[in-house]
Amino acid sequence: MNIELNKIAGAGLSTLLVVMSLNMIAGIVFAPHKPAVPGYDLPSEEPAGAAGAAAPAADEPIEVRLAKADPAKGEKAVGACKACHTFEKGGANKVGPHLYGVYGRNEGSVDGFGYSAAMKGRNDKVWEADGLDHFLKGPKAYVPGTAMAFAGISKADTRADVIAYLNTLADAPKPLPKP
Ligand code: HEC
């Protein structure tokens with residue numbers, strides 16, 4: 001047997017042996033740690049079973065909202081109405097009728113204002129909390145055919161604030177419904 005060849009083969013074998021044993025030792029030292037429970041739940045913002053979140057919650061009754069309503073907030077919110085309405089006593093009609101004293105006033109009843117037929121047809125009714133709440137939520141839904149080109153106030157609490165404010169615009173504010 002050729003001594004040189006033997007040496008080369010021996011060197012190769014011992015290298016292989018060293019690599020294999022290193023691999024084994026590494027396997028022991030760095031044994032992969034398997035978690036007891038594979039994967040874990042990320043904390044989620046939605047509570048489990050929030051299927052109902054898709055359906056909009058029903059508004060609280062208007063009496064309940066009025067009990068905590070803030071007329072000062074309502075006064076700020078009616079900034080959106082001022083393009084079309086005046087709010088002060090003796091205020092003029094603009095695109096819409098003046099709103100001083102509207103709470104407790106017959107619907108569609110301001111003399112000299114050109115109401116839509118839809119609104120005029122309702123003047124046997126009186127503006128009170130419940131009707132105002134619905135009208136301000138969606139004027140066209142509540143009074144189909146109304147000339148009030150206003151999308152509505154979607155926030156239920158803001159509508160209550162506005163109604164509470166409207167009721168202050170009177171020589172003698174009406175008692176608001178209580179829960
Ligand atoms: C783009 C103009 C416009 C805006 C904005 C508007 N309104 Fe009107 N509003 C009208 C018109 C026009 C009428 C009359 C509707 C009819 O004849 O059908 C009306 C009617 C009303 C009535 C009934 C009055 C009555 O004498 O029967 C109320 C109450 C009212 N508006 C409240 C509001 C409030 C509160 C806001 C703001 C949140 C608002 N409106 C925003 C144009 C407007």
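Colleague: What volume does the largest pocket have?
Modeller: This is a predicted model, and the pocket described here was found in it by computation on the protein atoms alone. For the largest pocket, the volume comes to about 550 Å³.

Colleague: Which residues lie closest to the centre of the largest pocket?
Modeller: The lining of the largest pocket is made up of 34 residues, and by class these divide into 24 nonpolar, eight polar and two charged residues. Of the 34, the closest to the centre of the pocket are His 85, Gly 96, Pro 97, Phe 135 and Met 148.

Colleague: Which helix gives the most to the lining of the largest pocket?
Modeller: Two helices, α5 and α7 (156-168), each supply at least two residues of that lining. The helix that gives the most, with three residues, is α5.

Colleague: Where does the ligand sit?
Modeller: The ligand is surrounded by 26 residues, which by class are 19 nonpolar, five polar and two charged. Helix α5, spanning residues 129-137, gives the most to this shell, with three residues. As for its place in the protein, the ligand sits in the largest pocket.

Colleague: Which residues of the shell are the closest to the ligand?
Modeller: A residue belongs to the shell when one of its heavy atoms lies within 4 Å of the ligand, and 26 residues surround the ligand in this way. The closest of them are Cys 81, Cys 84, His 85, Tyr 115 and Met 148.

Colleague: Which residue places a polar side-chain atom 2.5 Å from an oxygen atom of the ligand?
Modeller: A polar side-chain atom of His 85 lies 2.7 Å from the ligand, but the ligand atom in that pair is a nitrogen. Ala 147 does pair with an oxygen atom of the ligand, at 2.8 Å, but through a backbone N or O atom. The residue with a polar side-chain atom 2.5 Å from a ligand oxygen is Tyr 115.

Colleague: How many helices and strands are there in the protein?
Modeller: Read from the N terminus on, the elements run α-α-α-α-α-α-α. The count that goes with this order is seven helices and zero strands.

Colleague: Is Glu 107 buried or exposed?
Modeller: Glu 107 lies in the loop between α3 (71-77) and α4 (117-120), and its side chain is joined to that of Arg 122 by a polar contact of 2.6 Å. The relative accessible area of Glu 107 is 2%. Because the limit for this class is under 20%, Glu 107 is buried.

Colleague: How far apart are the C-alpha atoms of Arg 105 and Val 126?
Modeller: Arg 105 is placed in the loop between α3 and α4, and at 14% relative accessibility Arg 105 counts as buried. Along the chain, Arg 105 and Val 126 are 21 residues apart. In space, their C-alpha atoms are separated by 5.5 Å.

Colleague: Why does His 134 count as partly exposed?
Modeller: His 134 is found in helix α5, and its C-alpha atom is 9.7 Å from that of Ile 62, although the two residues are 72 apart in sequence. Buried residues have under 20% relative accessible area and exposed ones over 50%, with partly exposed in between. His 134 therefore counts as partly exposed because its relative accessible area is 36%.

Colleague: What is the relative accessibility of Leu 66?
Modeller: Leu 66 is found in helix α2, which covers residues 62-67. Its C-alpha atom is 5.4 Å from that of Ala 160, a residue 94 positions away in sequence. Of the 179 residues of the protein, 29% count as buried, and Leu 66 also counts as buried, with a relative accessibility of 8%.

Key. Residues numbered from 1 in each chain as written. Predicted model: local features only at pLDDT ≥ 70, side-chain atom pairs only at ≥ 80, totals over all residues. Heavy atoms only, no water. Polar contact = N/O pair within 3.5 Å; in protein donor to acceptor, adjacent residues only side chain to side chain. 1 Å grid on protein atoms, 1.4 Å probe; cavity = no way out; pocket = protein on both sides within 12 Å on 5 of 7 lines; lining within 4 Å. Sits in = over half its atoms within 2 Å of the grid points. Helix = DSSP H or I, 4+ residues; strand = E, 2+ residues; numbered from the N terminus. Nonpolar A, V, L, I, M, F, W, Y, C, P; charged D, E, K, R; others polar. Points joined across faces, edges and corners; volume = space filled by probe spheres on them. Buried < 20%, exposed > 50% of the residue type's maximum accessible area, 1.4 Å probe, protein only.
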